[in-house]
Amino acid sequence: QTPTVNIFAWAGYVTDEMLAKFQADTGITPVFTPYGTNDELLNQMRASNGAGFDVIWPTVDRVPNYVEFGLVQPIDENKVEWDRVIASAVSGSENMGAVVGGNRYQVPSDWGTEALSFDRDQAPLEYGSASYGDIWKPEMEGKATVRGHSGLVGIGLWLEGEGRLPRPMREAFASEEAMTEVYDVILAEAIARKGNIIQFWSNENEAQGAFRVNGAAIGQTWDSTAAGLAREGLPIGYIAPKEGALAWMEGLSIPSQAANVDEAYAFINWMLTPEAGAMYSNATSINSTAVGADALLSDEAKAFFAAAYPGDALDKLWWWPIQESWFVAKRNEYQDRFLSA
Amino acid sequence: MTSAVALPPSPAMPARTPLASRAAAAIPKILFWIYVLAFFVYLFAPLVVMSAAAFNTSRFPTVTPWLGTTTDWFAQMVDDAAMWRALWTSAIVALGVVAIAVPVGTAAALVLTSLHARAKSVLYALMVSPLLTPGVVIGIATLVLWRQIGVGGGLLLIVLAQASFISAYVMLMVAARLQRFDRTLEEAALGLGASKLMVFRRVLLPFLKPALLAAALLATLQSIENYNTTLFVRGFETPLTVYIATKVRTGLTPAVNALALVMIAITIAGALAWEIARRLEARRSAASSS
Amino acid sequence: MSHSVALERVTMAFGETRAVDDVSFTVEPGEFFSILGPSGCGKTTILRMVAGFLAPSAGRVLIGERDMAGLGPNQRPTAMIFQSLALFPLMPVWENIAFGLEARGVSKEKRRRRAEELLDLIALSGYGERKISELSGGQKQRVAIARALAVEPQVLLLDEPLSALDLKLRQHMRAELRTIQKRTGVTFLYITHDQSEALAMSDRVAVMSAGVLQQVAAPRTLYDEPATPFVATFVGETNAVPGRVVAIENGEAALDTAHGRFTARAGAGLAAGAEATLYVRPEALTLARQGATAGEGAGPNVLAARAERLDFEGAFGLLHGATADGARLLAALPSTTLGGAPAPGAEIAFSFSTRDAIALPGHAQARPEEEP
Amino acid sequence: MSHSVALERVTMAFGETRAVDDVSFTVEPGEFFSILGPSGCGKTTILRMVAGFLAPSAGRVLIGERDMAGLGPNQRPTAMIFQSLALFPLMPVWENIAFGLEARGVSKEKRRRRAEELLDLIALSGYGERKISELSGGQKQRVAIARALAVEPQVLLLDEPLSALDLKLRQHMRAELRTIQKRTGVTFLYITHDQSEALAMSDRVAVMSAGVLQQVAAPRTLYDEPATPFVATFVGETNAVPGRVVAIENGEAALDTAHGRFTARAGAGLAAGAEATLYVRPEALTLARQGATAGEGAGPNVLAARAERLDFEGAFGLLHGATADGARLLAALPSTTLGGAPAPGAEIAFSFSTRDAIALPGHAQARPEEEP
Amino acid sequence: MSALTGRFGPGLAGLFLVLVGFWLAGLVLAPNLMMIDFALRPNLLPADVGGPLDTYSLDNLAYLAGEPVHREIFLKTVWASALVTIATFVVCYPLAFWLAQTASPSAASLVVLALVIPFWINEVLRTLAWYILLAFRGPLNAFLMNLGILDEPMRWYGDGGVLAGMVYAYILFMLFPIYNSIESLEKAQIEAARDLGAATWRIHLRIVIPHAKAGIATGCVFTFMLAAGSYVAPALLGAPGSRWFTQIIYNWFFEGGDWNRGAAYALVLLVLCLAVVLITLRVFRVSLTDVAK
Ligand SMILES: Nc1ncnc2c1ncn2[C@@H]1O[C@H](COP(=O)(O)OP(=O)(O)OP(=O)(O)O)[C@@H](O)[C@H]1O
Ligand SMILES: Nc1ncnc2c1ncn2[C@@H]1O[C@H](COP(=O)(O)OP(=O)(O)OP(=O)(O)O)[C@@H](O)[C@H]1O
Ligand SMILES: NCCCCNCCCN
Ligand SMILES: [Mg+2]
Ligand SMILES: [Mg+2]
């Protein structure tokens with residue numbers, strides 16, 4: 001029987017080209033199933049008790065949730081080719097959620113941002129003046145798209161910049177009282193301006209759809225969204241706002257009931273090769289953490305990157321804090337009120 | 001006969017010419033055909049648009065703007081190994097559902113017919129309750145129960161959750177046919193010396209056969225089509241509806257439309273074949289009985 | 001108004017089938033007029049053309065001298081009583097009766113009053129609030145009549161309204177229908193395939209066969225003077241003896257048959273030398289002395305036969321016999337005379353009088369096929 | 001074996017209702033025995049007890065001298081023919097016929113052969129492969145008989161097997177059933193609510209009313225010598241004249257009635273001075289000269305009346321009349337004598353002979369309720 | 001029970017009872033009871049389950065009662081489902097009547113054939129078809145603008161889109177029960193009413209609809225239940241302003257991760273559906289046993 005590895009990953013993260021290359025390189029048959037959101041991944045794993053897949057691809061700030069529910073197993077550090085990973089990503093991920101109770105549960109594989117996508121004709125933006133607040137300007141009524149819960153964070157950063165938050169945004173992730181205090185203000189603002197939203201998105205596909213068929217001119221989306229639209233020739237740009245782009249790191253984890261653990265490590269190590277990293281980045285416009293991948297990037301990907309983060313944009317990245325279970329539950333309640341209002 | 005009531009003339013008892021009243025009589029007919037036309041436009045417009053989009057080069061499935069005609073999406077659909085896996089999964093699930101729901105629904109219909117009115121209506125209410133339960137609730141309830149005893153979502157739970165309400169459909173179909181069953185046939189068979197088992201096998205079962213086949217078909221369709229319930233109990237399994245829904249959420253391409261078009265084509269072909277067979281059969285039996 | 005309903009050369013074709021073929025007749029006001037014929041002969045089709053549910057392919061339907069073309073069933077001065085009655089099961093009796101008034105916008109109070117009057121007429125006062133399902137077959141029948149009468153039609157159309165009832169009730173309702181018709185004076189156009197029903201109730205009967213009108217006449221005339229072999233065999237039981245006409249004289253014909261020479265009244269269109277059939281009713285046969293042969297005996301017409309079976313049926317006995325060449329004969333003998341009835345196998349002879357037999361042209365059609 | 005079926009004091013109670021109440025009778029081997037009675041009188045219940053579908057609440061059922069208690073329908077030497085026939089619609093004709101043999105484990109080849117023999121018997125050879133739905137009503141009937149005969153029952157039980165057929169076919173099948181019964185010699189226990197059917201076919205008839213056995217006798221005896229008022233009124237049409245017995249002599253009774261004194265045969269249980277009713281059949285009434293009054297005229301029994309209506313019914317006419325006190329009378333007059341029939345309203349008189357009338361104790365029950 | 005063994009013998013009867021017992025106890029009752037149990041407990045980490053925090057309470061239900069937005073969505077789902085039901089009825093009734101009473105057999109079978117085609121592809125694809133058709137830059141807007149009916153594209157997604165998509169999805173569930181019940185109406189009833197002078201509307205109101213009541217109730221009950229429990233249509237065709245209660249439930253499970261609260265919400269939905277069904281049947285005097293015939 002041929003060895004197999006079942007990969008449960010973000011839609012669009014593993015292309016057919018990558019699957020073929022992986023199989024050719026390792027002799028292992030990869031089976032790829034896509035998902036659209038972190039929560040979908042988490043709850044799907046809860047529903048199946050952590051069984052069914054060998055590799056999953058959670059965002060680092062959510063890894064503690066998986067650990068709580070016993071859905072992932074500690075990484076056997078000896079089986080990972082650590083020298084293939086950018087060192088700062090490995091060390092940085094430690095405090096972002098990859099390490100829980102002294103055990104590492106995730107190998108970093110990429111990082112990216114959520115910032116402003118805009119229609120160059122209808123809503124042109126410039127670095128420096130562009131702000132999360134642009135989404136909520138009166139002119140953008142009926143033309144904006146955001147993801148429910150991260151849209152609230154964007155508003156928070158905008159209000160924080162204008163000094164209208166009772167506490168710094170980051171404290172909202174630390175305790176329930178702080179969160180309530182901050183989010184009540186954010187939600188009120190969000191509901192008051194909800195008329196700007198033409199469509200909410202929750203996954204890549206919906207985000208692209210907002211621009212492609214639903215008439216959105218501005219939005220808070222992932223980098224991959226704008227890149228995907230631009231690649232098809234749509235006049236969509238992507239730019240970090242002056243408050244700082246929301247940055248996240250992701251990596252590969254192994255579910256607690258994985259059936260093909262060795263193959264899982266083989267896949268993780270393969271993803272960290274420069275070739276695989278570059279293939280990944282070229283397809284998604286998300287940055288690989290594989291050493292040497294940047295050298296192999298396509299010109300297109302390089303250009304997108306340069307345009308997105310001019311000047312000091314990279315220094316001002318706003319990294320997602322860890323989102324504990326209580327936070328996720330509560331954030332969902334706020335999101336729900338926002339969506340339903 | 002003398003009448004106490006002076007009758008007003010019947011609504012349209014006019015001195016209209018026959019021609020004029022014929023024209024007036026035609027108006028409701030015209031309105032009705034306009035309605036029929038609208039109905040079928042409503043029924044088919046979405047399907048036509050969806051099918052057409054399978055030939056548009058646009059990566060997002062639409063017909064406006066028309067970026068060029070292509071059959072690439074069909075090729076992509078054929079190459080989509082995950083889709084074929086999903087189809088296979090759906091087939092296995094459907095098989096399991098039929099294997100449970102048909103015997104269970106049949107037994108339920110038979111038990112119902114042998115009960116007295118009061119017990120019957122209580123049991124009947126219980127049996128149709130899964131049909132009055134939202135699909136998501138069935139999925140959730142099943143998942144919650146089985147996780148409690150350590151069974152996670154997967155093929156088994158999909159089959160059980162679907163069978164819980166599809167059995168009710170089977171029960172209804174079998175019960176409907178059973179209502180037309182003439183119990184004296186059973187007595188006749190008994191009177192001729194047959195055992196109860198033989199009566200069941202030779203008289204009742206053959207009578208139920210068409211309903212059982214139809215129920216199996218319906219069960220298959222319901223199973224393949226189900227999304228709301230399956231979504232919660234699928235665990236890491238991906239039947240076709242879930243696959244399609246995932247595509248819709250994670251990267252819709254006209255390959256899905258190509259798939260839909262193929263399914264529509266198969267449906268039409270199947271339906272036509274069925275209709276032709278039915279008419280041939282009707283003609284045959286008409287010929288043989290005259 | 002010289003007639004109530006008139007059909008003028010009416011034809012109704014369904015594709016290839018001519019369900020009604022060039023039929024003309026008139027019905028007089030206040031008449032109880034029946035259309036009689038076997039299943040599928042076109043009776044219902046005629047009724048539906050009169051009611052307005054069907055438009056004739058050719059010809060005209062007139063009611064009270066007025067051409068009905070283009071008028072729908074709700075615009076004609078007719079009311080129909082359906083074979084199934086078609087009472088509205090979800091309305092109480094009185095609402096059924098008053099439905100036609102409701103359709104004409106009559107106020108509830110007046111409807112209620114009129115319904116009571118009609119309930120009186122059909123002897124069902126006090127039944128107004130009942131459900132239809134709580135009525136017996138005969139009561140339903142009467143409610144259907146009241147419902148139709150409520151709209152004061154000029155013509156009441158009845159499509160085999162008694163056929164769903166059992167024998168006893170059917171006989172009872174015949175009298176009842178007849179009484180109501182006489183009392184209200186409404187023209188009844190009545191359809192049936194049951195000859196005894198048509199004969200017992202009607203002023204005149206139209207006999208149809210395969211879409212074609214055979215004869216329109218009073219019941220007694222149909223029975224005694226059938227115009228066609230079809231009428232002779234369809235209306236009442238009869239014995240048919242085929243033969244050839246040897247002479248016609250004074251309205252009497254002499255026929256040569258396989259069983260000898262017989263005389264009978266000459267029907268229309270009979271010609272000397274042509275093939276013809278003699279028809280004689282079972283009750284017109286009397287038992288001649290046993291052992292008698294043709295030609296012998298008192299009467300002019302004596303038919304030799306062998307007794308086969310005597311079916312005792314209460315009021316009379318049916319004696320089945322067969323002639324020497326195997327043709328069957330049927331004689332109806334009053335029960336009071338059955339004392340000395342012949343045993344099966346006995347040689348017997350039937351006699352009949354000339355005036356009780358009729359000769360019609362052609363050889364008899366076979367009766368609607370008996371089982372193989 | 002001295003009898004084929006015997007019921008000994010059989011009672012069947014469903015809760016409060018006694019559907020069958022203390023009934024005893026015996027059926028001889030090879031007899032055509034009918035049970036006749038109105039709907040709901042318990043006929044089917046009796047048949048189902050004989051077949052083994054029901055167990056009697058009290059009493060015994062014996063077949064061929066053997067007590068059947070505890071034996072199921074598949075263990076008794078009976079076969080049943082249902083009103084609906086209950087042919088298996090999904091099996092071809094021959095499998096229907098051979099079903100009982102299949103149940104007994106007979107090999108397919110032998111079954112096939114036996115089915116062919118039976119198809120021969122019922123004159124349907126070559127029909128073995130047909131579907132049931134491709135048969136006519138009478139053919140189905142015969143297949144049902146063959147299916148029942150295939151298991152070689154001692155007794156064939158028939159529950160109104162002809163009632164679903166139309167009149168013509170029903171009459172035809174009566175003769176056919178009778179023929180098959182005589183040919184096979186199997187005992188027939190036959191149920192019907194149609195008196196002319198029972199009278200025409202049976203060797204003996206048991207008349208039931210409301211669960212109680214009224215009389216068991218040959219048809220002619222039932223008609224001429226009814227044992228109870230129920231039998232007198234239920235079997236055949238009759239005219240009932242209530243009165244009081246003044247004398248009984250030589251089996252003849254004299255009754256005083258509202259219409260004068262009449263004589264009739266004395267029925268069982270008649271006592272001088274007691275209330276009694278005189279019954280006379282419509283066909284036993286003859287038209288006495290018009291204007292005659294009671295006591296006058298030739299015969300001893302003359303009944304004055306007013307003519308009301310003459311219903312012509314083909315073979316005979318039914319003359320409806322009413323006595324002075326409003327009781328209705330019915331006379332059946334042969335059609336051939338209808339020439340001088342009285343007009344409605346005419347004063348007439350009927351006469352009847354003593355031997356054609358019978359007096360029974362008590363005052364007549366009303367006939368099963370006519371419609372209110 | 002004795003009737004069952006009497007008819008089928010102990011062996012078969014036993015088998016039937018086992019099958020029915022397995023279904024009703026194992027697949028219907030147990031999951032629902034467990035869901036109720038689940039709905040009455042707090043959302044805990046695996047480590048805390050069975051611990052001191054794991055107590056029964058009505059908190060999850062109280063949360064719904066105390067959350068105005070959810071309450072509102074809940075109520076909106078109820079009336080919107082009722083609206084879907086009414087719209088589906090209006091769309092289906094004339095066709096059902098025509099099919100059952102007027103159409104020639106061959107025309108009827110052709111139409112039935114046409115009707116089932118959309119229903120052999122699944123609900124997700126059916127809804128997707130509407131999603132494509134109604135898109136802002138989609139064919140419907142293009143068509144209407146070409147005709148000059150619209151100057152600029154309309155936003156179809158939202159309440160209107162959900163309505164169109166749901167009515168579409170449930171046509172057959174409404175049509176067939178009504179068709180079946182109207183078909184059993186004797187044609188002579190309609191002819192009699194017409195013959196007595198009734199106008200078309202009166203024939204429907206007084207004769208056809210009362211006769212078809214049970215079928216109409218069945219169709220309405222099914223449509224309402226399916227609409228209230230639908231997830232796909234509001235998810236795909238809804239807009240920011242047209243959320244459905246099922247989406248909230250889904251969110252508790254697949255976004256918020258609070259399965260207990262999700263179960264509580266599902267329980268409320270279940271109770272709602274059953275209540276609406278039973279009340280409707282009571283109001284229209286249809287017994288449950290007449291439903292789904
Ligand atoms: N709508 C129709 N289309 C085609 N043929 C029809 C139609 N209606 C009646 N026919 C045919 O016309 C002929 C006469 O039918 P009709 O119903 O008038 O007979 P009927 O005398 O009333 O018979 P029955 O006594 O059985 O009611 C039959 O052959 C019948 O099949
Ligand atoms: N299973 C039963 N439970 C209760 N009552 C019954 C049952 N079967 C018959 N009866 C009652 O017993 C009486 C006799 O019924 P049965 O069927 O024997 O009548 P029948 O003479 O065959 O009538 P029909 O001519 O209408 O068939 C009726 O009053 C009937 O209602
Ligand atoms: N909150 C973090 C989101 C991480 C998203 N990864 C997105 C990939 C989209 N194609
Ligand atoms: Mg007819
Ligand atoms: Mg009976």
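User: Which helix of chain D provides the largest share of the shell around ligand 2?

Analyst: Helix α1 (residues 43-51) of chain D does, with three residues. A helix here is a DSSP run of H or I with at least four residues, a strand is a run of E with at least two, and both are numbered from the N terminus. Before we go on: this is a predicted model, where local features need pLDDT of at least 70 and side-chain atom pairs count only at pLDDT 80 or more, while totals for chains, interfaces and linings use all residues. Residues are numbered from 1 along each chain as its sequence is written, chains are lettered from A and ligands numbered from 1 in the order in which they are written, and side-chain values use heavy atoms, with hydrogens and water left out.

User: What makes a residue part of the shell around ligand 2?

Analyst: One of its heavy atoms has to lie within 4 Å of the ligand. The residues around ligand 2 include D:Phe14, D:Pro38, D:Lys43 and D:Glu160. By class, the shell has four nonpolar, five polar and two charged residues. Nonpolar covers Ala, Val, Leu, Ile, Met, Phe, Trp, Tyr, Cys and Pro, charged covers Asp, Glu, Lys and Arg, and the others, Gly among them, are polar.

User: Why is the pair between D:Ser39 and ligand 2 called a polar contact?

Analyst: The term needs a pair of N or O atoms within 3.5 Å; within protein, one must be able to donate a hydrogen and the other to accept it, and residues adjacent in sequence count only if both atoms are side-chain atoms. An N or O atom in the side chain of D:Ser39 is 2.5 Å from an oxygen atom of ligand 2, so the pair qualifies. D:Glu160 also places a polar side-chain atom 3.2 Å from an oxygen of ligand 2. The protein buries 58% of the 630 Å² that ligand 2 exposes when taken alone. Such areas come from the Shrake-Rupley method with a 1.4 Å probe; for residues, only the protein chains shown count as cover.

User: What makes polar contacts with ligand 1 on chain C?

Analyst: C:Thr44 has a polar side-chain atom 2.6 Å from an oxygen of ligand 1, and for the side chain of C:Thr45 the distance to a ligand oxygen is 2.5 Å. Of the 640 Å² that ligand 1 has on its own, the protein covers 58%. Helix α1 (residues 43-51) of chain C gives the most to this shell, with three residues.

User: How much of ligand 3 does the protein cover?

Analyst: Start with its partners: the side chain of A:Glu204 has a polar atom 2.7 Å from a nitrogen of ligand 3, and A:Glu250 has a side-chain N or O atom 2.6 Å from a ligand nitrogen. The protein covers 97% of the 340 Å² of accessible area of ligand 3 on its own. Its surroundings include A:Trp10, A:Trp222, A:Trp248 and A:Trp320.

User: Why is E:Arg202 called buried?

Analyst: Buried means under 20% relative accessible area, exposed over 50%, and partly exposed in between (1.4 Å probe, protein chains only). E:Arg202 has 13% relative accessibility, so it counts as buried. This residue lies in helix α9 (residues 200-211) of chain E. Among the residues it touches are C:Phe99 and C:Ala103, not counting residues up to four places away in sequence; contact means heavy atoms within 4.5 Å. A polar atom of the E:Arg202 side chain also lies 3.1 Å from the backbone oxygen of C:Glu102.
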